[in-house]
Amino acid sequence: MIEPVQVLGQPAMRLRGSDGAQATVLLHGGQIVSWIPAGDIERLYLSPQAVAGPGQAVRGGIPVIFPQFERRGTLPRHGFARTMAWQWVEGHQRAGAVTGVLRLTDDETTRALWPHRFEAELSLSLSGLRLDVELAVDNTGDAPFSFTAALHTYLRCDDVLRARLSGLYGTRYVDSLTGQEQRQEIDPQGFVGEIDRIYFDAREPLSLSTAFGRMRIEQEGFDDVVVWNPGPQKAAALADLSDDGWLEMLCVEAACIGRPVKLAPGSEWVGRQAFEA
Ligand SMILES: O=P(O)(O)OC[C@H]1O[C@H](O)[C@H](O)[C@@H](O)[C@@H]1O
């Protein structure tokens, strides 16, 4: 079943499979804000203080970061896709899976910031204990462009201090807090507070274990993985996160940062992030 609902005062679509798996996606930002695998509990973190509306970024779920990661360019932080209204394209239920597709196309607002013609499609497909998310970007103009992007996934934790992430052993990363580069030496990895790292060319599947169970995370098309938690000080400074909200989340982001994607006119890039509870 696919039905329109309101979330944070904004139009959204709720997808529910015959097995009971359920996900909700906001048209604002094309942002998935809830995923409940069949017979399971909520697996994405959405801040109770999150706000949504034109120009606003929603704290939680799966923000779509395009066409610029963080401040790596002249655009607003993390680009514009997460703060704009996307269009619902279609949804269908087939062979036990329920799928929805949303689209963002360039317009005067995007071209004033970034002078390129593009079509971005966000697809989500859920079945049983699995959620597949796909971001496809088409260059619909007549000049090449390049971009960085991410699916900035907020995974729900009971207590991030007890969470463990594995699969990054030996991977080179830059610590965005210090600017230093090194290789991951601890696996599985625990968390003590603030962390902000970009892992480059992360090829192995990841596994996050929390009291909610183990979650397998895979990606394709995206080369890099960002691991982010604001920790107590930054959380206190964020208006849309409670002081102890950082304990309940860990961002594990599928990203293309180290090598920006270059797209020739008429060509398409596809990146995927998949979760299995
Ligand atoms: O607060 P936001 O603009 O949503 O950004 C949240 C975070 O996103 C990414 O994970 C970056 O690596 C962080 O440096 C940043 O703080």
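Which residues are around the ligand? They are Ala-57, Glu-70, Arg-77, His-78, Ser-176, Asp-196, Val-226, Trp-228 and Cys-251. For that list, a residue counts as near if its C-beta atom, placed from the backbone, lies within 6 Å of the molecule. By class, that shell has 4 nonpolar, 2 polar and 3 charged residues. Ala, Val, Leu, Ile, Met, Phe, Trp, Tyr, Cys and Pro go down as nonpolar, Asp, Glu, Lys and Arg as charged, and the others, Gly among them, as polar.

Before I go on, a word on what we're looking at. This is a predicted model, where local features need pLDDT of at least 70, side-chain atom pairs count only at pLDDT 80 or more, and totals for chains, interfaces and linings use all residues. Residues are numbered from 1 along each chain as its sequence is written.

Okay, the overall picture. The protein has 2 helices and 20 strands; these are DSSP runs numbered from the N terminus, helices being H or I with at least four residues and strands E with at least two. The radius of gyration is 18 Å, close to the 19 Å from the globule rule for 277 residues, so the protein is as compact as a globular protein of that length. That radius is taken over C-alpha atoms, and the rule is 2.2 Å times the number of residues to the power 0.38. Along the principal axes, the C-alpha atoms fill a box of roughly 45 × 45 × 35 Å.

Buried residues make up 42% of the 277. Buried means 20 or more other C-beta atoms within 10 Å of the residue's own, with C-beta atoms placed from the backbone.

Now the sheets. One open sheet has 4 strands in the order β1-β2-β3-β4, paired antiparallel; pairing takes at least two DSSP bridges between two strands. Its edge strands are β1 (2-7) and β4 (31-36), each pairing on one side only. Neighbouring strands here are turned by 25° against each other on average, direction ignored, using lines fitted to C-alpha atoms as axes; angles in general run from 0 to 180 degrees between N-to-C directions. Between β1 and β2 (residues 10-16) there are 6 bridges, and Gln-6 has Pro-11 in β2 as its bridge partner.

Another open sheet has 8 strands, running β6-β7-β8-β9-β20-β17-β16-β12, again with antiparallel pairing. At the edges stand β6 (87-94) and β12 (164-166), each with a single partner strand, so one side of each has no neighbour in the sheet. The average turn between neighbours in this sheet is 15°, direction ignored. Inside it, β8 (residues 118-127) and β9 (residues 130-139) pair over 10 bridges, with Glu-121 opposite Ala-136 in β9.

Back towards the ligand: which strands does β15 pair with? Strand β15 (residues 195-199) pairs antiparallel with β13 (residues 172-175) over 3 bridges, and 5 bridges join β15 to β18 (residues 224-229), also antiparallel. Tyr-173 stands opposite Tyr-199 in β15, while Arg-197 has Val-227 in β18 as its bridge partner.

One last residue: is Arg-156 buried or exposed? Arg-156, found in strand β11 (residues 154-156), is buried, with 20 other C-beta atoms within 10 Å. Beyond its neighbours within four places in sequence, its contacts include Tyr-45, Phe-212 and Met-249, a contact being two C-beta atoms, placed from the backbone, within 7 Å. The C-alpha atoms of Arg-156 and Leu-46 are 8.1 Å apart, although the two are 110 residues apart along the chain.

Technical notes:
Buried ≥ 20, exposed ≤ 12 C-beta atoms within 10 Å, placed from the backbone.
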